[in-house]
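Colleague: Before we discuss this predicted model, could you put it up beside its sequence, and then take my questions one at a time?

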Amino acid sequence: MTTTLKNKPVETRANVVILFAGDSGDGIQLTGSQFTDTNALFGNDVSTFPNFPAEIRAPQGTLAGVSGYQLHFGSVEIFTPGDQCDVLVVMNAAALKANLGKLKRGGSIIANTDGFDRKNLRLAGYAEDADPLTDGSLASFHLHCVDVTKLTRTALEGTTLGMKEKDRCKNMFVLGFINWMYSRENALTEGFLRKKFGKKPEVLDANMKALVAGYHYGDTSETFTTRFEVKPAPMPSGTYRSITGNQGTALGLLAGAQKAKLDLFYGSYPITPASDILHELSRHKNFGVITFQAEDEIAAISSAIGASYGGALGITASSGPGIALKTEAMGLAFMLEIPLVIVNVQRGGPSTGLPTRTEQADLWQAVFGRNGEAPIPVIAASTPIDCFEMAFEAVQLAVEHMTPVILLTDGYIANGSEPWRFPASRDLAEIKPPFIKEPNDGDIFLPYLRDERGVRPWALPGQPGLQHRIGGIEKQDRTGNISYDPANHEKMVRLRAEKVARIADRYKPIRLDSGPTEGELLIVGWGSTYGAIRTASLQLQQEGYSVAHVHIRHLFPFNKGLGPLLKKYRKVLIPEMNSGQLRQMLRAEFLVDAQGLNKIQGMPFTSEEIRASVLDLLSPTPKVSATTA
Amino acid sequence: MSTTNGIGGTPGRTPGDGPVKIDFSSDQEVRWCPGCGDYSILKQVQTLLEQNGKKKEEVVFISGIGCSSRFPYYMDTYGLHSIHGRAPALVSGLRSVRPDLSVWMITGDGDALSIGGNHIIHLLRRNVDVNVLLFNNEIYGLTKGQYSPTSPEGAVTRSTPMGSIDHPFNPLALVKGADATFIARSMDRDPKHMREILARADAHRGTSLIEIYQNCNVFNDGAFETFTEKASKPQHTIFVEHGRPLTFANGTRGIKLNGMTPVIVDTYAGGTSLEDLWIHDERDPYKASILVRLFDDPRIEGAMPRPFGVFYVNDRPTHEAKLTAQVAQAKERKGAGDLDALLKGEHTWTIA
């Protein structure tokens with residue numbers, strides 16, 4: 001297709017935050033992820049934040065039904081999806097109302113005028129006769145009104161599709177337009193569409209036409225006088241792909257199983273936001289992966305324990321409420337001393353809570369939430385890429401130390417994505433299961449005879465001479481036979497705890513993420529707060545403040561260097577998306593007067609919130625134990 | 001698995017060696033109450049495994065919680081004593097990754113039908129290849145005498161001093177409802193019958209469920225004595241065999257189907273001839289549904305006799321067979337997994 005491209009000036013931007021918002025049926029997530037992939041492929045650094053309602057199709061046009069996809073891309077290093085956005089693309093009035101607060105003063109609004117009729121304005125809760133597009137209330141922003149619906153329909157005149165199907169192409173029109181606005185090609189999305197709609201030529205044709213029409217609209221419309229350009233980021237050389245946290249978790253688990261030469265058994269019950277791990281793993285049966293969609297959360301973990309008993313790598317994942325149901329079986333796995341990985345993709349709680357929103361409030365559940373003394377290693381991922389690293393480490397710890405391991409991620413990084421310079425398989429560590437092939441005490445096999453790390457051997461059924469019985473009842477040291485002996489019980493409780501504590505021996509020395517090795521203030525973070533804390537810390541350091549940042553990956557047992565590190569700063573600040581769970585643990589463990597920055601809104605921190613809290617703590621009269629407004 | 005001598009354990013054997021006496025008892029002291037029906041079941045299972053010439057190392061017993069669930073500790077095989085009600089889930093995971101093993105699940109009426117009710121039905125519908133021995137004693141024994149989901153209405157127990165008001169499960173009707181592929185009933189007091197049924201269950205591919213009436217002589221003594229005592233057994237039990245008419249009371253009485261309704265008839269001279277009786281067909285799902293419903297309280301006048309034997313068999317493919325086939329198909333279509341290709345994904349870009 002040839003068109004005369006008018007010469008419009010191009011402005012260069014270092015980084016841009018764009019938020020696409022519309023009804024949950026508007027295809028917002030697809031638009032956002034396609035634009036993300038296009039930018040990543042171009043060489044930008046990116047970070048995303050999809051944000052959608054729990055309902056699949058919430059009432060159309062209402063605030064409850066608004067789905068959003070925020071993308072931060074740049075020619076500089078990007079650590080978060082951005083505190084506030086530069087551009088807000090809204091498909092209807094509710095999307096504007098729900099998200100206007102996130103737009104910078106002077107930012108741009110691109111509004112689909114068809115979504116601002118009387119009905120939509122009423123559903124969004126605007127006052128009778130109020131219309132933000134015409135009443136001047138948006139004067140402090142750059143407002144661009146585009147009748148996306150009408151333009152899409154016009155572009156699709158002559159196709160045989162019905163009106164409803166034509167309107168479904170609106171998101172492609174918007175994407176084409178945004179591609180034009182940021183000087184990007186449609187090529188990646190065209191390839192995607194061909195793959196997705198290859199078997200439905202009419203639908204494919206319509207989507208392609210809408211995409212191209214959107215692009216040309218930008219070019220020909222008089223409304224838009226400027227295009228923007230975001231140059232590639234100076235990223236380390238190498239080959240990249242885009243990855244979400246849940247994909248990272250799935251691939252990390254699978255890579256771990258491969259490096260341990262174990263079949264992967266994944267027992268799972270569908271739950272938001274963990275189900276994508278199940279979807280991803282179920283596609284890889286050619287790796288010997290077995291996915292088992294169990295009848296409930298308890299069966300999901302119990303089947304994984306059964307698989308580990310048989311010599312596979314048993315894995316289960318869920319989110320808070322599902323993890324609660326798995327608790328008793330975690331105790332069994334701990335008592336059996338068998339490898340098992342439990343992933344908790346945290347969401348807002350308690351109870352059903354906020355299924356599609358994020359939170360870090362299951363830390364105590366992970367560390368303390370079992371009957372009896374059943375310490376289980378707990379590790380946490382901080383970014384989508386880190387989900388891969390930590391999932392791999394979870395497998396490593398579980399297999400090499402014969403223990404269940406809990407990996408905490410959360411909805412924010414699980415659904416968010418970033419560019420990943422993926423590793424070569426040869427660079428991943430080999431994982432060595434402590435298999436045993438013959439009796440370990442003369443002619444006798446002692447299933448609980450430990451090695452120097454306190455780890456017992458893994459004896460698989462089917463091997464002659466190694467028959468043994470294990471269970472959840474307290475067992476005699478070494479033999480594993482049932483024992484109610486008082487002294488033996490205390491000994492076993494201590495042996496099991498010591499085995500887990502010794503896992504800290506293998507950690508790498510603790511490392512600051514940024515900042516001076518001693519000074520005024522240390523920010524201690526864990527999990528998905530990483531990007532916001534890193535951004536704030538770098539800025540504060542540039543501004544000359546004595547602020548350092550350490551990010552904890554091992555929440556139980558702690559890194560041995562953590563205690564001494566905490567003592568090197570006058571103040572310690574712990575931002576968490578909960579009421580202060582890590583803070584209480586660090587206070588108890590290290591007697592440190594740590595302060596909390598706590599946000600419990602189902603939404604991630606902005607870096608500005610972190611920065612403001614640090615500045616407050618560093619001021620002569622700090623408001624102790626800050627919380628966000 | 002190697003057929004050379006096992007180290008320090010059972011000598012390895014080659015199929016076809018014929019029965020060799022192998023002692024399947026572990027070195028652990030059996031701790032059931034003296035006189036418990038569990039002893040008889042343990043003995044019959046050990047005998048069957050010996051007779052079948054099973055290799056100890058290829059047998060796994062998995063249990064939940066309860067008196068019966070201590071069973072694995074007494075077997076010199078692999079064993080896993082898990083948590084209350086969840087044995088079916090552990091079995092499903094184990095069988096998914098180890099279809100080579102002979103897996104037995106030991107459970108009770110509380111373990112399988114109360115706390116584990118949700119798991120047992122899914123085990124059955126999936127048809128995981130395992131032999132499930134459901135020890136039914138109509139009481140909670142290990143917790144010292146509360147009513148169970150199979151206790152009859154009115155049962156006076158420690159938790160129901162005024163009598164139970166809960167309608168009990170008919171276990172085999174429940175099992176049939178979950179589309180089990182092997183349904184049978186036996187009793188602790190008839191070792192020969194139990195052994196035959198155990199052998200049938202072991203030969204079946206898929207979930208073989210045997211409900212075993214088991215006397216708890218401490219908390220519910222005599223629960224099944226109408227069926228087990230010599231005096232009343234002939235009148236109140238009927239032992240079904242494939243292709244044979246349903247007769248009882250030493251052949252003097254039988255059951256005939258009037259349409260869908262079973263009726264008791266006399267079979268001696270002048271009575272109903274044998275060929276007009278209900279001929280047991282263990283492959284007939286409709287008749288099996290009626291058979292599991294023969295569940296009258298034996299104290300009621302004119303009660304139907306309680307059936308024992310193999311009620312129903314179906315050769316539906318097992319869960320693990322279908323699973324293995326899918327994995328094989330995936331490998332054939334996509335080739336064996338290439339980790340580097342997987343890590344790379346579909347879209348990449350390179351930065352120089």
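Colleague: Is Asn250(B) buried or exposed?

Modeller: Asn250(B) lies in the loop between S8 and S9 of chain B, and its phi is near 55°, a positive value in a residue other than glycine. A residue counts as exposed if 12 or fewer other C-beta atoms lie within 10 Å of its own. Because Asn250(B) has 8 C-beta neighbours inside 10 Å, the class is exposed.

Colleague: Is Asn127(B) buried or exposed?

Modeller: Asn127(B) is not a glycine and has a positive phi of about 65°, and its place is the loop between H4 and strand S4 (130-136) of chain B. The cut-off for a buried residue is 20 or more other C-beta atoms within 10 Å. Because Asn127(B) has 23 of them within that distance, the class is buried.

Colleague: Which residue of S10(B) stands opposite Ile255(B)?

Modeller: Chain B has an open sheet of 3 strands in the order S8-S9-S10, with antiparallel pairing, and its edge strands, each paired on one side only, are S8 (247-248) and S10 (261-266). Strand S9 (residues 253-258) of chain B is joined to S10(B) by 6 bridges. Opposite Ile255(B) in S10(B) stands Ile264(B).

Colleague: Which residues does Ile120(B) touch, leaving aside those up to four places away in sequence?

Modeller: Ile120(B) belongs to helix H4 (residues 117-126) of chain B and is buried, with 28 other C-beta atoms within 10 Å. Its C-alpha atom is separated by 8.6 Å from that of Arg86(B), although the two residues are 34 apart along the chain. With residues up to four places away in sequence not counted, Ile120(B) touches Pro88(B) and Ala112(B).

Colleague: Which element supplies the largest share of the side of chain B that touches chain A?

Modeller: In the contact between the two chains, 59 residues of chain B meet 65 residues of chain A. Strand S2 (78-81), helix H2 (87-97), H4, helix H10 (319-334), helix H11 (339-344) and strand S12 (349-351) of chain B each supply at least two residues of the side that touches chain A. By class, that side of chain B has 24 nonpolar, 24 polar and 11 charged residues. The largest share of it, 8 residues, comes from H2(B).

Colleague: Which residue of S12(B) stands opposite Gly238(A)?

Modeller: Strand S9 (residues 238-244) of chain A and S12(B) run antiparallel and are joined by 3 bridges. Opposite Gly238(A) in S12(B) stands Ile351(B).

Colleague: How many of the residues of S10(A) are buried?

Modeller: Leu264(A), Tyr266(A) and Ser268(A) point one way from S10(A), whereas Phe265(A) and Gly267(A) point the other way, and all are buried. S10(A) is therefore largely enclosed by the rest of the structure, the number of buried residues being 5 of the 5.

Colleague: What handedness does the β-α-β unit of S10(A), H10(A) and S11(A) have?

Modeller: S10(A) pairs in the parallel sense with strand S11 (residues 290-293) of chain A over 4 bridges, and Phe265(A) stands opposite Ile290(A) there. S10(A) also runs parallel to strand S12 (residues 313-318) of chain A, with 5 bridges between them, and Ser268(A) has Ala317(A) as its bridge partner in S12(A). The unit that S10(A), H10(A) and S11(A) make is right-handed.

Colleague: What is omega for the cis peptide bond that joins Gly349(A) and Pro350(A)?

Modeller: Most peptide bonds are trans. A cis bond joins Thr272(A) and Pro273(A), with omega about 0°, and Pro273(A) is in the loop between strand S10 (264-268) and helix H10 (275-282) of chain A. Pro350(A) is in the loop between strand S13 (340-346) and H13 of chain A. For the cis bond that joins Gly349(A) and Pro350(A), omega is about -5°.

Colleague: What covers the buried residues of H20(A)?

Modeller: Helix H20 (residues 607-618) of chain A has 12 residues and reaches 17 Å from its first C-alpha to its last, close to the 16 Å expected at 1.5 Å a residue. Its buried residues are Ser607(A), Glu609(A), Ile610(A), Arg611(A), Ser613(A), Val614(A) and Leu617(A). What covers them includes S18, helix H17 (530-542), strand S19 (547-552), S21 and S22 of chain A.

Notes
Residues are numbered from 1 along each chain as its sequence is written. Chains are lettered from A and ligands numbered from 1 in the order in which they are written. This is a predicted model: local features need pLDDT of at least 70, side-chain atom pairs count only at pLDDT 80 or more; totals for chains, interfaces and linings use all residues. Two strands pair if DSSP finds at least two bridges between them. Two residues are in contact if their C-beta atoms, placed from the backbone, lie within 7 Å. Ala, Val, Leu, Ile, Met, Phe, Trp, Tyr, Cys and Pro count as nonpolar, Asp, Glu, Lys and Arg as charged, and the others, Gly among them, as polar. The expected span of a helix is 1.5 Å times one less than its number of residues. A crossover is right-handed if, with the strands pointing away from the viewer, the path from the first strand over the helix to the second runs clockwise.
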